[in-house]
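User: I am in my first year and would like a close look at one single part of this structure, explained slowly and with its neighbours included. Please take the structure shown here as the starting point.

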Amino acid sequence: MTAATAYTLLLVLTVLALPRVGRAAAQRDRDSLPRGSSIAVEDHASDVLVSPNGAFACGFHAVSPTVFTFSVWFARSADRAVVWSAAASPTARRVVHSQGSRLALDGRRGALVLTDYDGEVVWNSTAGDGAARARLRETGNLAVEDVRGGVLWQSFDHPTDTLLPAQSVGANGLVSSGRLLAAGHYGFRFSDYAMLSLVYDDGGQVSSIYWPNPYFSYWQNSRKIYNFSRQAEFDSSGHFLASDNATFDAADLGAAGVRRRLTLDTDGNLRLYSLDARGKTWSVSWMAFPNPCIIHGVCGANAVCLYTPSPSCVCAPGHERADRSDWSRGCRPTFRNSTGAGRDQVKFVELPHTDFWGFDLNNSEFLSLDACQAQCVGEPSCVVFQYKQGKGECYPKSLMFNGRTFPGLPGTAYLKVPADFDVPEVNVYQWQTDGISGLATEEDIARCQGGAGLQPEFLLNVTSTARASSSQRKSLWFYFYGFLSAFLVIEVFVIAFGCWLFSKKGILSRPSELLAVEEGYRMITSHFRAYSYSELQRATRKFRTEIGHGGSGRRVSDWVVNGAQGLETDVRTVVKMIVDKSKLGGVGWVVDLVDERLDGEFNHVQAKMIAQLAVSCLEEDRNRRPGMKNVVQMLISADDESRGHQYSDI
């Protein structure tokens, strides 16, 4: 080998070795990213930021061999669960290419900048003039810090689909990840009136809250509204609390050393996860919905969710899937539009135990099934109505959305279809009961088996309206006649009891002396007693027996026998006496108006007020008589005044 050849070979080996030296130097994990430095996507396997406790890592995360995100993830979980990803907004794309993409802490502006393969800026943090480094903290919070460690920007202020302990929901809340990591249709955020909610939003026509329970008011859901502090977070023990009183706990509440995350999953369910440190796997320690069919938009429009016990979607009768690969796109009708058609041009397909939440055109109670059906026929925009027996609740709807069905669900949905629509009678999904569990079972439908890799379809159980209406009418007549029979029995009993009550052996036929004793007890307990003419006549033996006397004379009541004219005269006399006495002050005169058998044991202040109130109610001028509001106020004031007096002081 000549010297020239040897030199050339040495030079080639040196050049080849240079990249290896540089790459080997980058294989150790960073604790921070200095200002002016960057991370390349090509070095995603080795060049990452790691938190001081080793629990979290940050860098380029592989979604596929050619698609990456810049993310923070759990370093010690088997699936490297992502807790944050860089995105310009909750609804913006988050992915970059596997070649040429960079994450840099810009030396000029002091901001984190994510660029794609062509140099396009995909995302950047806010600028920080005093930025010295980017560092991943022990909590999983990626922060841009100044030289003293002060936070200039942090990922905790911009959550994506996951919360970590001590991280607040924030102004924008959480947004689920959809297909290809694009923003999904689900959000976890505070509503306009500051109630923490799970929301479905397709970005256009449909938006609805599905947690807390939309059928209940905020106070029935134990929530508060209009607290605009909008704070919500959970701690390391697994306890969640929000400013609107929303709260829940992990099943392993208080377990020490457990790593946790709260994630809004792609299916719209909010779940709290706990990490098994030994197995490095996650377990669900709390979830918002054990039955995912309650989540809005699971199956899209014109479809129904079946829980069997895993959720399955099925198109409503006369509909087919709009996208074979995505149920969220729902189903489309296979028949012509029946809006505007008359009664003879449409019919209804019954879907038992089925509900489509929302999109009510109106709602009514105490309607018959026929009347509810007539409402839907007469409304061109009505495509389905739900009817609940009992109160006769009627809900015509303009859109079939948020459909769900399961045994025991109250109400029946009636789908409006053309009169010539062929109602399916065979090969349908049915809620079959085995007499014990009553659970749903899947029919073995050969024709529903798809091609390779496709899951079998599910079809709904439907019934023709004619049979359903006949059955319901029988049920309604049964309840009607049953009610009449029960009412008749009660009426006979009341009449018989009344006859006995007023018979010679009944209570009301007892001697007047016994009645007087009983009435005395009632007066002691209620202070006053108003007597009718017949009672006074019976108690005084036609006004021949004296029943007492006071300062104003004997109480025989013989003045009532003089007829209406005498009655009016003596009433005027009593009224004038009360007016004159009350002008003198004091309450001693009240004793003359009250039965002496009470022996003065009554509230004199209240008695005076009652007497004056009675006089005012007898004013000839109706405009001077007190209204009910004034009467109540006078009685309340009398009660308050009497609290400061003692009988012995009078």
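How many of the 7 residues of strand β23 (residues 270-276) are buried?

Analyst: Please keep in mind that this is a predicted model. In strand β23, which covers residues 270-276, 6 of the 7 residues are buried, so this strand is largely enclosed by the rest of the structure. For the chain as a whole, 39% of the 650 residues count as buried, and the chain's secondary structure comes to 8 helices and 37 strands.

The neighbours of the strand can be taken one at a time. On one side, strand β22 (residues 260-264) pairs with β23 in the antiparallel sense, over 5 bridges. Within this pairing, R260 has S274 of β23 as its bridge partner. The hairpin made by β22 and β23 has 5 residues between the strands, and in it G268 takes a positive phi near 90°. β22 also holds R261, whose charged end sits over the ring of W282, 4.4 Å from the centre of that ring.

The strand has a second partner, β24, to which β23 is joined by 6 bridges, and these two strands also run antiparallel. Here, too, there is a hairpin, with 4 residues between β23 and β24, and K280 in the turn has a positive phi of about 60°. One bridge to look for in this pairing is that of L272, whose partner in β24 is W286.

W286 leads to the next feature, since its ring and that of F248 form a stacked aromatic pair, with 3.7 Å from centre to centre and 5° between the planes. Because F248 lies in strand β21 (residues 247-249) and W286 in strand β24 (residues 281-287), this pair ties together parts that are 38 residues apart in sequence. F248 and W286 are both buried.

It helps to set this pair beside others, for a search of the whole structure finds 20 aromatic pairs. One of them is formed by Y215 and W357, which meet edge-to-face at 6.4 Å centre to centre, with 85° between the planes. Y215 lies in the loop between β18 and β19, and W357 in the loop between β30 and α2, so this pair ties together parts that are 142 residues apart in sequence. Y215 is partly exposed, with a relative accessible area of 42%, and W357 also counts as partly exposed, at 21% relative accessibility. Elsewhere, ring pairs link Y186, Y200, Y210, F289, F359 and F401 into a cluster.

Another set of strands can be read in the manner used for β23. β16 (residues 183-190) is joined by 3 bridges to β15 (residues 174-177), and these strands run antiparallel, with A183 in β16 as the bridge partner of S177. β16 also pairs with β17 (residues 196-201) in the antiparallel sense, over 5 bridges, and there R189 has S197 of β17 as its bridge partner. In the hairpin of β16 and β17, with 5 residues between the strands, A194 takes a positive phi near 65°.

To return to the part you asked about, β23 pairs with β22 over 5 bridges and is joined to β24 by 6, while 6 of its 7 residues are buried.

Note on methods: Residues are numbered from 1 along each chain as its sequence is written. This is a predicted model: local features need pLDDT of at least 70, side-chain atom pairs count only at pLDDT 80 or more; totals for chains, interfaces and linings use all residues. Side-chain values use heavy atoms; hydrogens and water are left out. Two strands pair if DSSP finds at least two bridges between them. Rings of Phe, Tyr and Trp (its six-membered ring) pair if their centres lie within 6.5 Å; planes under 30 degrees apart count as stacked, over 60 as edge-to-face and the rest as tilted. Buried means under 20% relative accessible area, exposed over 50%, partly exposed in between (1.4 Å probe, protein chains only). A charge sits over a ring if NZ of Lys or CZ of Arg is within 6 Å of the ring centre and within 35 degrees of the ring normal.
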